[in-house]
Amino acid sequence: RISKAAHNQALRTASVELLSKRIIVLALHPGTVDTDLSAPFMKTAAKRYNIFSAEQSASYLLEITELAEMADSGKFYAWDKQPIPW
C-alpha cells in the first residue's frame, strides 16, 4: 500500500511539474484483467467485476489517453472513463 501511495503522489507531483510543458500525466485503472497474476482471484472477481483481456483493457486505456486534455492532467481514471477520487 505504501508503494501505491508513493506512486500516486509521484504522478500528481509530475502533473504539476510538467504542466508548463503541456505534458498530460494521468493515473489509469485498467479494470480486472485476465492475467496469470489475477488467475488465483478470477472465480470471485468474475462474480463482482467485468473481466477484460489485456488487449481489451489496453484499448480502453488508449482511448482515455487519446481523449485527454490538459484539464485532465493529475487525475485518476478507470477503464470506463469514470474519474476515481484520490
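Me: What span should the 14 residues of helix H3 (residues 54-67) have at 1.5 Å a residue, and how far apart are its end C-alpha atoms?
Reply: This is a predicted model, in which local features need pLDDT of at least 70, side-chain atom pairs count only at pLDDT 80 or more, and totals for chains, interfaces and linings use all residues. Residues are numbered from 1 along each chain as its sequence is written, and side-chain values use heavy atoms, with hydrogens and water left out. The expected span of a helix is 1.5 Å times one less than its number of residues, and helices (H or I, at least four residues) and strands (E, at least two) are DSSP runs numbered from the N terminus. For H3 the expected span is 20 Å, which agrees with the distance between its end C-alpha atoms, 20 Å.

Me: Within what arc do the buried residues of H3 fall, seen down its axis?
Reply: Buried means under 20% relative accessible area, exposed over 50%, and partly exposed in between (1.4 Å probe, protein chains only). The buried residues of H3 are Ser 57, Leu 61 and Ile 64. Seen down the axis, these buried residues line one face of the helix, because the arc, taken from the directions from the helix axis to the C-beta atoms, is 50°.

Me: Which residues are exposed on the other side of H3?
Reply: An α-helix has 3.6 residues a turn, so residues three or four places apart point the same way. The buried residues of H3 have a cover that includes strand E1 (27-29), strand E2 (32-33), strand E3 (51-52) and strand E4 (76-78), where contact means heavy atoms within 4.5 Å. On the other side of H3, the exposed residues are Glu 55, Glu 66 and Leu 67.

Me: What is the relative accessible area of Tyr 49?
Reply: Tyr 49 is placed in the loop between helix H2 (42-48) and E3. Although 16 residues separate Tyr 49 from Val 33 in sequence, their C-alpha atoms are 9.9 Å apart in space. Tyr 49 counts as partly exposed, and its relative accessible area is 42%.

Me: Is Arg 22, in the loop between helix H1 (2-17) and E1, buried or exposed?
Reply: Arg 22 is a residue other than glycine, yet its phi has a positive value near 60°. At 62% relative accessibility, Arg 22 counts as exposed.

Me: What is the relative accessible area of Lys 81?
Reply: Lys 81 lies in the segment after E4 and has a positive phi of about 75°, although it is not a glycine. Lys 81 is partly exposed, with a relative accessible area of 39%.
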